[in-house]
Amino acid sequence: MDEQVHVPAELFAPVPPQEKLRNEIVRPSMSYWQDAWRRLRANPLAMIGLVIVIFMTFLALFAPLLTPYDYYSQDLYNANAVPSKEHWLGTDQFGRDLLTRILFGARISMTVAYVSTLLVLVIGVTYGGVSGYFGGKVDNVMMRIADILSGVPSMLYLILLMVVLGPGLVTIIIAMGIANWIGMARMVRAEVLKLKNQEFVMAARALGVNNRKILFRHLLPNSMGTIIVNLTFAIPGAIFAEAFLSFIGLGVSAPQASWGMMVSEAMQMFMAFPLNLFWPALAICITILGFNFLGDGLRDALDPKMRK
């Protein structure tokens with residue numbers, strides 16, 4: 001028989017409390033989106049951006065309730081007035097209240113930004129998802145079409161479509177959606193190419209799930225973090241593009257208020273009345289900065305590599 005081995009008694013001493021805590025779960029488990037929200041809240045600039053975005057959206061939605069003036073009513077006897085109790089930001093060259101026009105301009109700019117970005121989302125995600133999932137000749141043909149279209153500057157697309165279709169809010173939205181979907185399609189294609197050979201996709205195929213369900217129920221939802229970040233960065237680009245088109249006279253028609261149109265009108269007498277230019281330009285800058293801050297925060301919060 002083998003000789004018995006003597007085991008020292010100190011090896012059976014109770015585990016110290018500090019050692020127990022090392023193996024315990026120190027915080028409750030979180031889902032991916034809960035953890036992303038926690039990290040987003042820890043980013044001060046991202047929260048500032050979120051507040052700005054919510055505030056500007058609120059102003060755009062409830063503009064008629066926030067001011068007693070109409071955006072098109074004129075008072076030539078009170079033209080180019082300085083800020084006062086009656087007109088907090090002053091009036092323009094036609095005596096129209098600048099605050100009222102900025103509020104209604106927010107409606108135009110935010111509507112164009114949100115709806116055109118939604119159009120980019122639908123076209124770009126569908127196109128890029130189909131291209132990346134099927135691959136091969138389908139991917140080659142679809143991406144060559146996208147390469148040809150991307151060879152023309154997007155601003156030239158916008159201007160040409162605005163000239164052909166005529167200025168107007170609906171035309172701006174359609175033109176910006178058609179011109180800006182290529183970047184989203186390429187991004188979604190890259191994500192789908194990375195995910196389509198993962199185990200959960202192979203399991204879905206083995207269970208007989210069809211291609212449409214695999215793409216729209218498995219692959220695209222798992223790419224949603226990257227899609228949301230790109231959408232957040234696309235919105236300020238759409239706001240700037242709308243302001244530029246209105247500035248050069250291809251935006252909404254008078255008497256509708258648009259930030260770009262207000263800047264264009266104020267440029268005619270900038271040296272004499274600089275405040276008429278300052279207020280709409282400030283609104284554009286604050287809104288774009290808010291979306292950029294929020295986009296940076298979302299990029300860090302939704303990136304799995306940043307999880308701690």
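**Close-up 1. The surroundings of L277 in this predicted model.** Setting aside residues up to four places away in sequence, L277 touches V263, A266, M267 and F270. L277 itself belongs to helix 14, which covers residues 275–302. Is L277 buried or exposed? Its relative accessible area is 13%, under the 20% cut-off, so L277 counts as buried. Another residue to look for in this view is M262: the C-alpha atoms of L277 and M262 are 7.3 Å apart in space, while 15 residues separate the two in sequence.

**Close-up 2. S109 and its contacts.** Here we move to helix 5, made up of residues 98–134, where S109 is found. With a relative accessible area of 1%, S109 is buried. Which residues does S109 contact, leaving aside its neighbours within four places in sequence? They are I239, E242, S258 and W259.

**Close-up 3. Where helix 5 meets helix 13.** W259, just seen as a contact of S109, returns here as part of helix 13, which spans residues 259–267. The axes of the two helices, helix 5 and helix 13, come within 8 Å and cross at roughly 135 degrees. Such an angle falls outside the ranges for roughly parallel, perpendicular or antiparallel, and helix 5 and helix 13 are therefore oblique to each other. On the helix 5 side, the contact is formed by L98, R101, I102, G105, A106 and S109; on the helix 13 side, W259, M262 and E265 take part. By type, the residues of this contact between helix 5 and helix 13 divide into five nonpolar, two polar and two charged. M262 may look familiar, as its distance from L277 was given in the opening view.

**Close-up 4. The two faces of helix 6.** Helix 6 runs over residues 136–150 and has 15 residues. From its first C-alpha to its last, helix 6 reaches 21 Å, close to the 21 Å expected at 1.5 Å a residue. Which residues of helix 6 are buried? They are D139, M142, M143 and A146. These buried residues lie on the same side of helix 6, because they cover an arc of only 95 degrees around the axis. Their packing partners are helix 5, already met above, and helix 9 (181–195). Turned away from the buried side is a face of helix 6 that carries the exposed residues K137 and I148.

Key. Residues are numbered from 1 along each chain as its sequence is written. This is a predicted model: local features need pLDDT of at least 70, side-chain atom pairs count only at pLDDT 80 or more; totals for chains, interfaces and linings use all residues. Side-chain values use heavy atoms; hydrogens and water are left out. Helices (H or I, at least four residues) and strands (E, at least two) are DSSP runs, numbered from the N terminus. Buried means under 20% relative accessible area, exposed over 50%, partly exposed in between (1.4 Å probe, protein chains only). Contact means heavy atoms within 4.5 Å. Axes are lines fitted to C-alpha atoms, for helices over the stretch in contact, and angles run from 0 to 180 degrees between N-to-C directions. Angles under 35 degrees count as roughly parallel, over 145 as roughly antiparallel, 65 to 115 as roughly perpendicular and the rest as oblique. Ala, Val, Leu, Ile, Met, Phe, Trp, Tyr, Cys and Pro count as nonpolar, Asp, Glu, Lys and Arg as charged, and the others, Gly among them, as polar. The expected span of a helix is 1.5 Å times one less than its number of residues. The arc is that of the directions from the helix axis to the C-beta atoms.
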